[in-house]
Amino acid sequence: MSDNPVIGFIGLGVMGEPICRNMLLKSGYSLFVHDIAAEPVARLVAQGATAAATMAEVFSQADIVFLSLPGGPQVEAVIAGPGGCLETARSGQVVVDMSTAPVGLTRALADRLAAKGILLADAPVARTRQAAETGTLSIMVGASDAVFARIKDLLFMAASEVTHCGDIGCGQVVKILNNMVLFETVVALSEALVIGEAAGVGRALLLETLSKGSADSFALRNHGMKAMVPDVFPVGAFPTEYALKDVSYALDLARDMGILAPGAELAERRMTRAREAGFGQEYFPVLTRVVDRITDTPAAQGKGAGG
């Protein structure tokens with residue numbers, strides 16, 4: 001790879017576009033971009049990127065290709081599908097998957113790419129869309145030492161923390177478990193809010209007070225205070241459908257390791273209920289609206305699910 005590698009970026013959604021923009025503006029490298037939506041491509045071209053009509057064009061031009069896709073099926077299609085990486089990339093290229101994808105799939109694709117001399121790193125991201133905009137994400141990387149050394153500086157253009165978690169797949173392990181803990185915490189917060197409100201304590205006061213004690217957490221201060229207290233769950237943030245996908249990856253990993261995860265199972269059930277209630281595209285803390293109620297108690301009479 002040259003001192004000024006050509007960069008490719010496929011997937012310019014909620015997280016991909018700001019990550020790509022930070023790399024474009026901070027690196028000074030040539031950068032080819034592709035997405036099924038025209039608008040983010042146009043915005044990045046206006047800032048100096050080059051539009052690629054197909055993902056095959058990205059793989060044919062770039063030395064390092066970043067992916068930011070919705071999940072495992074899309075990652076598999078881009079790497080192994082028609083016009084994808086296995087068909088069009090060349091030996092010595094590096095593919096960096098910043099999506100959240102199953103660990104087994106990541107390792108299987110890495111083996112297939114390695115057979116053609118192509119190197120894969122998994123580098124899923126944590127934190128919010130705002131962190132992606134400001135370049136303060138946390139990125140968990142699974143890669144060999146040599147590959148990590150090649151991509152680390154580019155990742156730091158999008159993140160304030162970049163952690164080498166181990167060999168291929170280990171970044172996905174850490175990210176999936178990060179999300180599992182987050183989802184379980186949001187379930188606990190949703191129950192606390194609904195119980196507290198039913199018992200006469202307002203949501204804002206409850207979480208503000210909890211934040212001063214041992215119940216404090218990132219989830220409380222962000223998902224709780226910013227979404228669950230005002231009961232605002234926008235479309236276009238991290239939706240329930242995506243959260244369900246990620247918790248399913250955690251449960252698959254637990255099963256593969258022979259370990260029960262009832263807390264994650266509860267989170268999955270709550271999010272499934274939220275989706276069935278019509279909240280599949282809303283920001284996933286909307287599950288606070290579907291907290292179970294015992295409908296024959298005096299406090300619950302006249303209240304709907306979630307209150």
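Contact, as the word is used on this tour, means heavy atoms within 4.5 Å. The model on the screen is predicted, and the stops below move from the whole chain to single residues.

**The whole chain**

Begin with the entire chain selected and drawn as a cartoon, where 13 helices and 9 strands make up the secondary structure. Turned along its principal axes, the C-alpha trace spans about 70 × 45 × 35 Å. The radius of gyration is 21 Å, which agrees with the value near 19 Å that a compact globule of 307 residues would have. If you switch to a surface view, the accessible surface comes to about 13,500 Å², and 56% of that area belongs to carbon and sulfur atoms. Buried residues account for 50% of the 307 residues in the chain. Among contacts between residues at least 6 apart in sequence, 67% join residues that are at least 24 apart.

**Two nonpolar cores**

Next, select F9, I19, F66, M98, I139 and L155, and show their side chains. These are the residues that touch the most other members of the largest nonpolar core, which holds 36 residues. Helix α8, running over residues 145-156, gives the most to this core, with 5 residues. Apart from this core lies another, of 35 residues, and to find it you can select M228, A267, A274 and V290, which are among its members. In soluble globular proteins, nonpolar side chains tend to be buried together.

Return to I139 and display what surrounds this residue. Leaving out residues up to four places away in sequence, I139 touches M98, A123, P124, V125, L155, A159, E161, V162 and T163.

**Cysteines**

Now colour the cysteine sulfurs; how many disulfides does the structure hold? There are 0 disulfides in the structure. For C20, the nearest cysteine sulfur is that of C85, at 17 Å, and C20 is in no disulfide. C20 is also buried, because its relative accessible area is 0%. C165 is likewise in no disulfide, with the sulfur of C170, the nearest cysteine sulfur, lying 7.3 Å away. At a relative accessible area of 26%, C165 is partly exposed.

**Q93, in a loop**

Select Q93, which sits in the loop between α5 (85-88) and β5 (94-97). Is the residue buried or exposed? Q93 is buried, since its relative accessible area is 3%, and the cut-off for buried is under 20%. Show polar contacts here, and you will find that the side chain of Q93 reaches the backbone oxygen of F59 at 2.7 Å. A polar atom of the same side chain, that of Q93, lies 2.5 Å from the backbone nitrogen of R90. With neighbours within four places in sequence set aside, the residues in contact with Q93 are F59, A62, D63, G117, I118 and L119.

**Two loop residues with positive phi**

Most residues other than glycine have a negative phi, and the next two selections show positive values. R127 lies in the loop between β7 (125-126) and α7 (129-134), and its phi is near 95°. With a relative accessible area of 40%, R127 is partly exposed. Then move to D231, in the loop between α11 (218-228) and α12 (240-256), where phi is near 60°. D231 counts as partly exposed, at 33% relative accessibility.

**N179 and R275, in helices**

Select N179, which belongs to helix α9, residues 170-198. This residue is buried, with a relative accessible area of 6%. Beyond its neighbours within four places in sequence, N179 is in contact with F238 and D246.

Finish at R275 in helix α13, which covers residues 262-279. R275 is partly exposed, because its relative accessible area is 36%, a value between the limits of 20% and 50%. Which residues are in contact with R275, leaving aside its neighbours within four places in sequence? They are T240, E241, L244 and G280. As a last step, draw a distance from the C-alpha of R275 to that of V290: the two residues are 15 apart in sequence and 9.9 Å apart in space. V290 has already appeared on this tour, as one of the members of the core of 35 residues.

Notes:
Residues are numbered from 1 along each chain as its sequence is written. This is a predicted model: local features need pLDDT of at least 70, side-chain atom pairs count only at pLDDT 80 or more; totals for chains, interfaces and linings use all residues. Side-chain values use heavy atoms; hydrogens and water are left out. A nonpolar core is a set of buried Ala, Val, Leu, Ile, Met, Phe, Trp, Tyr and Cys residues joined through side-chain atoms within 4.5 Å. Buried means under 20% relative accessible area, exposed over 50%, partly exposed in between (1.4 Å probe, protein chains only). Helices (H or I, at least four residues) and strands (E, at least two) are DSSP runs, numbered from the N terminus. A disulfide is a pair of cysteine sulfur atoms within 2.5 Å. The radius of gyration is taken over C-alpha atoms; the globule rule is 2.2 Å times the number of residues to the power 0.38. Accessible areas come from the Shrake-Rupley method with a 1.4 Å probe; for residues, only the protein chains shown count as cover. A polar contact is a pair of N or O atoms within 3.5 Å; within protein, one must be able to donate a hydrogen and the other to accept it, and residues adjacent in sequence count only if both atoms are side-chain atoms.
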